[in-house]
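Me: Could you take a close look at one part of this model for me, the sheet in the second chain, and then work outward from there?
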Amino acid sequence: MKKLNGVAASRGICIGPAFQFLRIELNTEKKDIIDTDAELIRLNDALNSAKNQIEAIYQKALVEAGEADAEIFQAHKMILDDPEFITAIRTRIENEKINSEFAVSETAKSFAATMAAIEDEYFAARATDIMDVANRVLRALMKIAESPTEGLHEPSIIVADDLTPSDTVLLDKSLVLGFCIAQGSATSHTAILARGLGLPAIAGVGDEIIKVLSGTKLIVDGTKGEVVIDPDTQTEQIYRQRLETSRNVQTEALKFAHDVAQTKDGVEFEIVANIGNVEDAKFAVENGAEGVGLLRTEFLYLERNSLPTEEEQYQAYKAILDVFGDRPVVLRTLDVGGDKEIPYLNLPKEMNPFLGERAIRLCLNRPDIFKPQLRAALRAGVGHNLKIMFPMVATLSDVRVAKAVVEECKAELTAESIAFARNAEIGIMVEIPSAAVVADQLAKEVDFFSIGTNDLSQYTMAADRTNPKVAELSDAFQPAVLRLIKMVIDAAHQEKKWVGMCGELAGEPLAAPILIGLGLDEFSMSPPFIPLVKQIIRNLDSQDMIALAQGALALESPKEIQQFVKKEIPFIGEIIS
Amino acid sequence: MKEARVLVNNKVGLHARPAALFVQTASKFQSEVNVSCVDPKEDKLRTANAKSILGILTLGVFQGIEITITADGADEEDAVKALVELVENNFGEEA
């Protein structure tokens with residue numbers, strides 16, 4: 001038995017066999033051949049099989065991830081159909097009498113080099129596409145399993161260096177118990193995916209986990225950020241019991257998922273979901289979401305070659321808004337910066353991307369990005385309860401300028417006689433300490449706040465939550481963070497504005513009593529957490545929680561605060577064990 | 001042989017989705033179809049196979065560049081007409 005620590009990336013426990021998600025090295029050694037006709041037939045078979053594979057992935061991505069994400073595979077198909085590329089491979093085989101593997105690999109390299117030589121990130125991305133396609137053809141030639149997930153036949157814990165979006169498309173989600181990632185972080189793609197699916201995940205475990213053989217029993221504790229390799233019977237027994245308890249609690253909570261979250265003394269709280277696409281939207285409704293507190297729009301911009309058009313965004317937002325009818329949907333405008341790989345935005349590399357030109361700062365400097373998104377959102381909001389939210393607001397001027405751009409878009413739409421949501425509420429994320437400190441001023445400018453506790457914690461504590469060494473500091477239960485949260489809620493209520501929370505703290509069972517006591521109006525979380533948080537709220541008395549919150553905020557550390565809540569409200573401690 | 005010149009006026013030029021649409025359209029015809037343009041940096045004429053996505057991309061046609069489309073074969077007339085229309089309609093994008 002051995003334990004490794006990492007970053008807690010998605011809550012929960014899972015026990016099961018490890019499945020190593022590996023990429024196999026391909027052998028492309030040069031070999032002389034005699035029968036070029038036979039070699040060309042072999043090449044042809046491999047090309048056809050690669051085409052079929054790509055078509056299948058494309059169709060799967062269309063259903064699971066939507067058209068924008070699937071587009072990349074359409075590009076792969078076109079490369080395989082490219083007459084120049086294919087003719088170049090054939091000519092090499094015929095003229096040089098060499099094997100297909102070498103011809104494919106050399107031709108792909110030379111085409112990729114031409115692309116890469118053009119100093120433009122767009123072409124660099126195309127070079128990667130060419131190599132991806134070539135590797136697929138090589139796997140077909142060598143009859144190597146189509147994907148790294150071949151062989152995943154029983155529910156397993158996925159172990160990998162890190163996973164890319166195209167890797168996760170390949171995964172059969174019904175066979176995934178959880179994730180254990182050597183690199184990565186709490187904000188990586190895998191972590192967000194895991195939270196969306198309600199599966200436990202830990203990241204940043206280190207390279208040692210990669211050496212574990214597939215089939216080895218693992219326990220992943222995504223709440224603590226710990227993985228147990230080959231556990232002894234006693235350890236497994238303890239975890240099995242915890243798993244059993246939490247399953248029972250979840251099943252019980254799910255029965256009442258669609259009932260409102262009303263405290264014992266009759267105060268109702270709004271429980272909504274954090275989502276990133278249409279699939280999430282449907283999942284959120286199943287779990288009892290009363291709307292959306294955070295619609296991440298980044299999905300529209302990733303894994304593609306150019307900015308999504310206004311029309312494309314309009315369709316995507318409308319599809320999501322349609323799922324929720326007249327229930328509220330808070331759309332967050334683009335939240336990216338130098339750390340996200342969006343080659344076509346041509347963002348310069350920054351020393352500190354999290355302190356750089358990101359989110360609203362980028363959007364205010366780039367009307368070509370910001371305005372089409374705002375126009376698309378305003379248009380899609382017709383007949384729905386759309387709210388628009390700006391991320392990473394630091395100053396009063398950020399909000400004022402952003403609001404002016406919204407007004408500009410509205411004026412344009414009016415002039416073009418295009419219908420749009422005239423009364424969409426405008427709000428901001430409070431995730432930078434400066435915004436929390438001047439929340440009283442900001443509250444006058446907006447219709448609502450949504451507190452982003454993940455960033456608020458890391459900016460307040462000056463601790464990178466993706467760095468396992470200091471991740472513990474970056475904890476929303478830190479007294480400093482909780483006091484800021486109180487300031488924000490009080491400032492908003494002073495101006496009769498509502499306050500939501502879309503950071504992880506909102507879905508945290510131990511935080512619910514404190515947040516109720518502080519008067520938070522709306523809780524937004526990953527859909528799987530909704531039933532449990534609703535259940536907890538139903539068992540609380542809102543008046544009692546005011547006193548509890550006061551007591552909690554007077555304590556001195558995250559640990560003391562959590563223990564205090566557990567002591568005061570024993571049933572929560574029991575269900576989260 | 002049929003030939004036509006047309007100004008590429010959409011935002012991204014012959015890249016990304018417009019490039020894909022262009023190649024897909026050209027591939028519908030039997031004729032051999034080529035695209036050429038003057039590379040503004042080197043001031044020389046460059047030609048690419050209109051049915052090759054990699055060829056079209058490396059041609060580097062940005063907004064405001066004039067291209068010459070030539071087709072040779074049984075359906076050369078239709079091929080040139082279809083491609084010119086596609087470019088003139090800005091690939092269905094907003095200009």
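Reply: Start with Ala4(B), which sits opposite Ile69(B) in strand 4 of chain B. That pair belongs to a longer run: strand 1 of chain B and strand 4 (residues 66–72) of chain B are joined in the antiparallel sense over 6 bridges. Bear in mind that this is a predicted model.

Zoom out a little and you get the full sheet, which is open, has 4 strands in the order 1-4-2-3 (chain B), and uses antiparallel pairing. Its edges are strand 1 (2–7) and strand 3 of chain B, each of which pairs on one side only. Neighbouring strands are turned by 25° against each other on average, if you ignore direction. Helix 3 of chain B packs on this sheet, where it touches strand 1, strand 2 (32–39) and strand 4 of chain B. The direction of helix 3 makes about 0° with that of strand 1 of chain B.

Now put the sheet back into its chain. Chain B has 3 helices and 4 strands, and reading along the sequence gives you β-α-β-β-α-β-α. Take the contacts in chain B between residues at least 6 apart in sequence: 73% of them join residues at least 24 apart. As for burial, 41% of the 95 residues in chain B are buried.

How far can you trust all this? Chain B averages a pLDDT of 89, with 95% of the residues scoring at least 70. Within chain B, confidence is highest in helix 3 (residues 76–88), at a mean of 95, and lowest in strand 3 (residues 44–49), at 88. So the helix that packs on the sheet is also where confidence in chain B peaks, while one of the edge strands is where confidence is lowest. The model as a whole scores ipTM 0.87 and pTM 0.68.

Next, the partner. Chain B puts 16 residues into the contact and chain A puts in 15. On the side of chain B that touches chain A, the elements giving two or more residues are helix 1 (16–27) and helix 2 (53–59) of chain B. Helix 2 of chain B supplies the largest share, 5 residues. Sorted by class, that side of chain B has 7 nonpolar, 5 polar and 4 charged residues.

Over in chain A, a few spots deserve a look too. An unreviewed UniProt entry lists residues 33–60 of chain A as "coiled-coil region". In the model, that stretch of chain A is 89% helix and 0% strand, and its end C-alpha atoms are 38 Å apart.

Then there's some backbone to check. Most residues other than glycine have a negative phi. Asp230(A) has a positive one, near 50°, and lies in the loop between strand 8 (226–229) and helix 8 (233–255) of chain A. Asp230(A) counts as partly exposed because it has 15 C-beta neighbours inside 10 Å. Asn346(A) also has a positive phi, near 50°. You'll find Asn346(A) in the loop between strand 12 (328–332) and helix 11 (359–365) of chain A. Asn346(A) has 9 C-beta neighbours inside 10 Å, so it counts as exposed.

Definitions and conventions:
Residues numbered from 1 in each chain as written. Chains lettered and ligands numbered in written order. Predicted model: local features only at pLDDT ≥ 70, side-chain atom pairs only at ≥ 80, totals over all residues. pLDDT = per-residue confidence, 0-100. Contact = placed C-beta atoms within 7 Å. Nonpolar A, V, L, I, M, F, W, Y, C, P; charged D, E, K, R; others polar. UniProt positions renumbered as here; feature names shortened; annotations may be inferred. Buried ≥ 20, exposed ≤ 12 C-beta atoms within 10 Å, placed from the backbone. Pairing = 2+ DSSP bridges. Axes fitted to C-alpha atoms, helices over the stretch in contact; angles between N-to-C directions.
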